[in-house]
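Welcome! Work through the exercises below with the model open beside you, and try each task before reading its solution.

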Amino acid sequence: MALTIKEVEHVALLARLELNADEKQTFAEQMGTILDYANRLNELDTDGIEPLSHILPVFNVLRDDEVKPGSPREEILSNAPLLEDQQYKVPKII
Amino acid sequence: MSKEFETVIGLEVHAELKTATKAFCSCTTTFGAEPNTQVCPVCSGFPGMLPVLNRKMVELAIRTGIALNSEIPEICKFDRKNYFYPDLPKAYQISQYDLPICQGGFLDIDVDGEQKRIGITRAHLEEDAGKLVHQGDITTTPFSLVDLNRSGVPLLEIVSEPEMRSAREARAYMEKLRSILLFAGVSDCKMQEGSLRCDANVSVRPVGQKEFGTRTETKNLNSFRSLERAIEYEVRRQIEAIEDGEKIVQETRTWDEEKQQTRSMRSKEEAHDYRYFPEPDLSPLKISREWIAAIASNMPELPVQARRRLVEEYALPEYDAAIITLSPDYLEFFDQCISIYNDAKIVSNWMMSELNRLLNQNNMEISDCRLKPADLAQLLKLIDDGSISGKMAKTVFEEMFKSGKKPELIIKEKGMALISDEATLISLIDGIIRNNTKVMEDYRNGKEKAFGFFVGQIMKVSKGQANPAVVNKLLKERLSQ
Ligand SMILES: [Zn+2]
């Protein structure tokens with residue numbers, strides 16, 4: 001079942017996406033299809049089954065608390081669209 | 001505050017854990033470095049990078065849980081909290097949602113001589129965000145700058161039950177929590193540097209009403225004082241609003257230190273939906289009971305134990321013991337002092353009055369101060385053996401605090417030593433008696449007050465340096481000759 005346009009707008013806002021009317025319509029249908037598919041899981045009987053928190057049976061993958069050098073600043077900042085004083089320059093958000 | 005309302009406060013405290021490296025990468029956590037020099041692809045949120053959990057971070061959280069009487073569940077896991085903000089490079093924060101590392105717990109606070117137990121709901125692990133620096137005037141500048149050195153630093157968020165009923169209780173809770181974290185050695189708790197931060201959830205309700213009122217969350221509380229003031233302000237504001245027939249809006253507010261008021265941070269875009277989901281890049285944690293026992297067996301002395309020790313071993317009043325155990329450095333100072341000078345109550349008095357006054361005046365912690373415990377002990381010995389008066393000792397103490405010099409040196413430099421030499425005092429006393437023969441007659445005729453006059457004169461002439469005990473003895477002798 002397709003999502004309502006309002007639901008698509010809400011998700012778009014959370015994702016900071018600007019959608020035009022056509023896109024909203026398209027996504028309402030596509031997301032509806034995806035949800036319908038996921039909804040099939042609800043048909044299974046999961047009584048008495050522990051919720052899964054990780055897909056693999058691994059636990060306690062841990063690292064010792066030992067400092068290793070990070071990356072050179074120029075390298076890390078080389079992808080920044082805007083820079084000032086060795087920092088990322090971004091539109092102000094309060 | 002109006003009488004018919006009751007205040008309800010719960011606190012969310014973020015403590016930076018004292019690890020050498022970040023939560024999910026091996027970058028250093030040292031404070032104060034040049035911007036973006038302690039970063040790597042993981043903590044800068046480059047696509048495809050994988051986090052690996054820091055063992056020490058987990059152990060410090062377990063240690064905190066033990067100190068806060070929490071339950072450490074056998075399984076805990078990490079989740080993604082999704083939101084967009086420029087200081088959060090991945091656009092999600094790794095946190096813990098439904099299976100946190102510490103569940104429940106409590107701590108005890110003292111307010112007005114009464115002890116009260118405050119419940120702890122939970123404590124969960126998460127990573128810190130980077131730092132946003134606004135350039136120039138915040139209202140006009142169109143840009144902010146981002147420094148990611150702090151991004152990924154391990155945090156423990158400790159959430160209290162809404163069980164505090166006044167700003168003072170909230171402050172006492174915060175102070176107690178800080179002392180526990182310090183004693184347990186899990187955080188530096190430097191509020192000015194942001195390694196201990198606090199958000200306050202505040203609501204009011206008519207006395208007798210069961211349901212809570214609508215609450216607001218006030219952020220940006222980076223000192224005990226601003227915590228107390230912000231809560232007091234918020235309580236007043238909410239009561240006034242209700243009495244004016246307005247509705248309290250559930251919202252996030254910020255404390256404006258300059259204006260001393262809270263201000264709404266609401267924006268029309270506000271859509272709080274963090275869409276938590278399990279972090280697929282981190283495995284869950286299985287915490288064995290053996291692991292907890294090993295950590296518990298290495299716990300340092302906690303405030304509650306230290307306090308009992310002070311009361312039982314040194315017979316200190318509960319009040320003194322509570323103040324001395326507010327920080328491990330403070331207790332260490334006391335312990336060192338008492339190992340040299342054994343009157344605990346006198347040491348405690350000097351710490352709580354003179355030392356505290358100077359620390360507060362200079363906005364300093366005991367660890368920043370140059371005064372050494374052995375030197376305070378020595379000063380107290382000098383008072384006892386009559387080398388210096390108690391009053392002068394306070395002046396000497398101030399100088400010790402400022403310069404870190406030894407008390408004997410200051411007394412010598414300033415010529416403050418008491419005069420106890422009998423010959424010197426006798427010539428002084430005789431001179432004064434000679435110049436005041438009428439008063440001497442009065443004394444001999446039974447006018448007791450005249451004795452005080454002579455003592456006053458001797459103190460004046462000696463600039464307060466005549467040893468009072470010796471003066472008393474000699475004056476009696478000379479007057480009766
Ligand atoms: Zn890193």
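A salt bridge is a side-chain nitrogen of Lys or Arg within 4 Å of a carboxyl oxygen of Asp or Glu. Keep in mind that this is a predicted model, where local features need pLDDT of at least 70, side-chain atom pairs count only at pLDDT 80 or more, and totals for chains, interfaces and linings use all residues. Residues are numbered from 1 along each chain as its sequence is written, chains are lettered from A and ligands numbered from 1 in the order in which they are written, and side-chain values use heavy atoms, with hydrogens and water left out.

**Exercise 1: Salt bridges**

Task: Find the partner with which K219(B) forms a salt bridge, and say how exposed each residue is.

Solution:
- Step 1. The partner of K219(B) is E217(B), and their closest N and O atoms lie 3.4 Å apart.
- Step 2. For exposure, use relative accessible area: buried means under 20%, exposed over 50%, and partly exposed in between (1.4 Å probe, protein chains only).
- Step 3. K219(B) has 29% relative accessibility, so this residue counts as partly exposed. E217(B), at 16%, is buried.

Task: Which residue meets K345(B) in a salt bridge, and where do the two residues sit?

Solution:
- Step 1. The side chain of K345(B) meets that of D320(B), at 2.7 Å from N to O.
- Step 2. K345(B) belongs to helix α8 (residues 344-361) of chain B and D320(B) to helix α6 (residues 318-324) of chain B; the pair is 25 residues apart and links distant parts of the chain. Helices (H or I, at least four residues) and strands (E, at least two) are DSSP runs, numbered from the N terminus.
- Step 3. D320(B) is buried, at 3% relative accessible area, whereas K345(B), at 34%, is partly exposed.

Task: Look for further salt bridges in chain B, beginning at K405(B).

Solution:
- Step 1. K405(B) pairs with E413(B), with 3.1 Å between the closest N and O atoms. K405(B) is partly exposed, at 30%.
- Step 2. E234(B), R237(B), E251(B) and R253(B) are joined into one network by salt bridges that share partners.
- Step 3. Over all chains, a search of the whole structure finds 38 salt bridges.

**Exercise 2: The zinc site**

Task: Which atoms coordinate the zinc ion, and what is their arrangement?

Solution:
- Step 1. Collect the donors, which are N, O and S atoms within 2.8 Å of the metal (3.2 Å for Na, K and Ca); water is not among the atoms, so sites may look incomplete.
- Step 2. The SG atoms of C25(B), C27(B), C40(B) and C43(B) coordinate the zinc ion at 2.3 to 2.4 Å.
- Step 3. Along the chain, these donors follow the spacing C-x1-C-x12-C-x2-C. C27(B) and C40(B), 13 residues apart, are in the loop between β1 (5-16) and β2 (53-54) of chain B, and both are buried.
- Step 4. Four donors count as tetrahedral if all angles lie between 85 and 135 degrees. The four donor atoms subtend angles of 101 to 114 degrees, so the arrangement is tetrahedral. The ideal angle for four tetrahedral donors is 109.5 degrees.

**Exercise 3: Cores and domains**

Task: How many residues does the largest nonpolar core have, and which parts of chain B contribute to this core?

Solution:
- Step 1. A nonpolar core is a set of buried Ala, Val, Leu, Ile, Met, Phe, Trp, Tyr and Cys residues joined through side-chain atoms within 4.5 Å.
- Step 2. The largest one has 109 residues, and L11(B), I101(B), Y173(B) and L355(B) have the most contacts inside it.
- Step 3. Helix α2 (residues 167-184) of chain B gives the largest share, 11 residues.
- Step 4. At least three residues come from each of domain 1 (5-292) and domain 2 (301-414) of chain B. Domain bounds come from an automatic or database domain assignment.
- Step 5. A second, separate core of 16 residues includes L425(B), F454(B), V470(B) and L479(B).

Task: List some contacts of Y173(B), leaving aside neighbours within four places in sequence.

Solution: Contact means heavy atoms within 4.5 Å. The residues in contact with Y173(B) include L11(B), V13(B), L107(B), I158(B) and M164(B).

**Exercise 4: Positive phi**

Task: Where is N363(B), and is this residue buried or exposed?

Solution:
- Step 1. N363(B) lies in the loop between α8 and α9 (373-384) of chain B.
- Step 2. Its phi is near 55 degrees, a positive value in a residue other than glycine.
- Step 3. N363(B) counts as exposed, at 72% relative accessibility.

Definitions and conventions
Four donors count as tetrahedral if all angles lie between 85 and 135 degrees; four count as square planar and six as octahedral if opposite donors are over 155 degrees apart and all others between 65 and 115; anything else is irregular.
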